[in-house]
Amino acid sequence: MKSMKVFMSLAVACLLGATAAVSGYSAAAQKKGGAQSQVARGREVYTSSCVRCHGADGAGHTRLAEIVEPPDMTDPAWQRQRSTARMIASVSNGRGQMPAFKKKLSRQDIAAAVAYVRTLKR
Ligand code: HEC
């Protein structure tokens with residue numbers, strides 16, 4: 001009987017260990033996938049809400065850009081000068097000729113769009 005108990009507790013310990021290993025693995029995979037899916041979502045948001053002014057490449061050569069004159073977001077120096085927090089605030093509250101998006105987009109979508117803007121740097 002005693003050996004049965006030892007065996008059972010060993011089996012339980014093995015099971016717990018295996019579960020912890022699997023969940024640790026999936027948490028890491030999710031984190032990586034999370035960053036990728038944020039950029040993918042950001043691309044969708046950018047395409048539907050931002051392209052008309054900033055252009056697909058972010059350089060801002062659109063018909064509308066002739067009127068509102070957005071910055072060239074592909075410029076590495078321009079990207080360096082702006083923190084992500086500032087970009088999120090500008091898109092949320094508006095800046096210059098850019099309208100505020102906080103009533104149209106969720107905070108997650110604004111953060112995703114800005115994450116996508118980061119990938120437009122040349
Ligand atoms: C109506 C045209 C228009 C649309 C639509 C638009 N923008 Fe802008 N955006 C501008 C203009 C113009 C500026 C320059 C603002 C300034 O500095 O005066 C700008 C600036 C920015 C900046 C720099 C802000 C800073 O702090 O310097 C970011 C980042 C940005 N836009 C991202 C976006 C994203 C993301 C979207 C879509 C959710 C978007 N824009 C939609 C016109 C637009």
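Let me begin with helix α6, which is mostly covered, since nine of its 12 residues are buried. Those buried residues in α6 are Asp109, Ile110, Ala111, Ala112, Ala113, Val114, Ala115, Tyr116 and Val117. I should say straight away that what you have in front of you is a predicted model, and that everything I describe this morning is computed from that model.

As for its dimensions, α6 has 12 residues and reaches 17 Å from its first C-alpha to its last, which is close to the 16 Å expected at 1.5 Å a residue.

Stepping back to the whole protein chain, we find six helices and zero strands, and if you read along the sequence the pattern is α-α-α-α-α-α. Of the 122 residues in the protein chain, buried residues make up 17%. If we take the contacts in the protein chain between residues at least 6 apart in sequence, 48% of them join residues at least 24 apart.

Now let us return to the buried part. Which residues touch the most other members of the largest nonpolar core? This core has 15 residues, and the ones with the most contacts to other members are Val91, Ile110, Ala112, Ala113, Val114, Tyr116 and Val117. The elements giving two or more residues to this core are α1, α5 and α6, and it is α6 that gives the most, with eight residues.

Let me take one member of that core as an example, namely Val114, which lies in helix α6. Why does Val114 count as buried? The reason is that Val114 has 24 C-beta neighbours inside 10 Å, and a residue is called buried when 20 or more other C-beta atoms lie within that distance. If we leave aside its neighbours within four places in sequence, Val114 is in contact with Thr84, Met87, Ile88 and Val91. Val114 can also be compared in position with Tyr46, for these two residues are 68 apart in sequence and yet 8.5 Å apart in space, C-alpha to C-alpha.

Tyr46 comes up again when we turn to Tyr116, because Tyr116, leaving aside its neighbours within four places in sequence, is in contact with Val39, Gly42, Arg43 and Tyr46.

Let us follow one of those partners, Val39, which lies in helix α1. Val39 counts as partly exposed, because it has 15 C-beta neighbours inside 10 Å. Not counting residues up to four places away in sequence, Val39 touches Ala115, Tyr116 and Thr119. With Thr119, the separation is 80 residues in sequence and 8.2 Å in space, C-alpha to C-alpha.

Also in helix α1 is Ser37, and here the label is exposed, because Ser37 has 12 other C-beta atoms within 10 Å. Even so, Ser37 and Ala112, which are 75 residues apart in sequence, are 8.9 Å apart in space, C-alpha to C-alpha.

My next topic is the ligand. Which residues come nearest to the ligand? Of the 26 residues around it, the nearest are Cys50, Cys53, Ser90, Gly96 and Met98. By class, the shell around the ligand has 16 nonpolar, five polar and five charged residues. At least two residues of this shell are supplied by each of α1 (2-49), α2 (51-54), α5 (84-93) and α6 (107-118), while the largest share, four residues, comes from α5.

Finally, I would like to point out Glu69, whose place is in the loop between α3 (65-68) and α4 (76-81). Most residues other than glycine have a negative phi. Glu69, however, has a positive phi of about 50° although it is not a glycine. Is Glu69 buried or exposed? Glu69 counts as exposed, because it has 11 C-beta neighbours inside 10 Å. The C-alpha atoms of Glu69 and Met98, which are 29 residues apart along the chain, are separated by 9.7 Å, and Met98, you may recall, is one of the residues that come nearest to the ligand.

Conventions. Residues are numbered from 1 along each chain as its sequence is written. This is a predicted model: local features need pLDDT of at least 70, side-chain atom pairs count only at pLDDT 80 or more; totals for chains, interfaces and linings use all residues. A residue is near a molecule or strand if its C-beta atom, placed from the backbone, lies within 6 Å of it. Ala, Val, Leu, Ile, Met, Phe, Trp, Tyr, Cys and Pro count as nonpolar, Asp, Glu, Lys and Arg as charged, and the others, Gly among them, as polar. A nonpolar core is a set of buried Ala, Val, Leu, Ile, Met, Phe, Trp, Tyr and Cys residues joined through C-beta atoms within 7 Å. Two residues are in contact if their C-beta atoms, placed from the backbone, lie within 7 Å. The expected span of a helix is 1.5 Å times one less than its number of residues.
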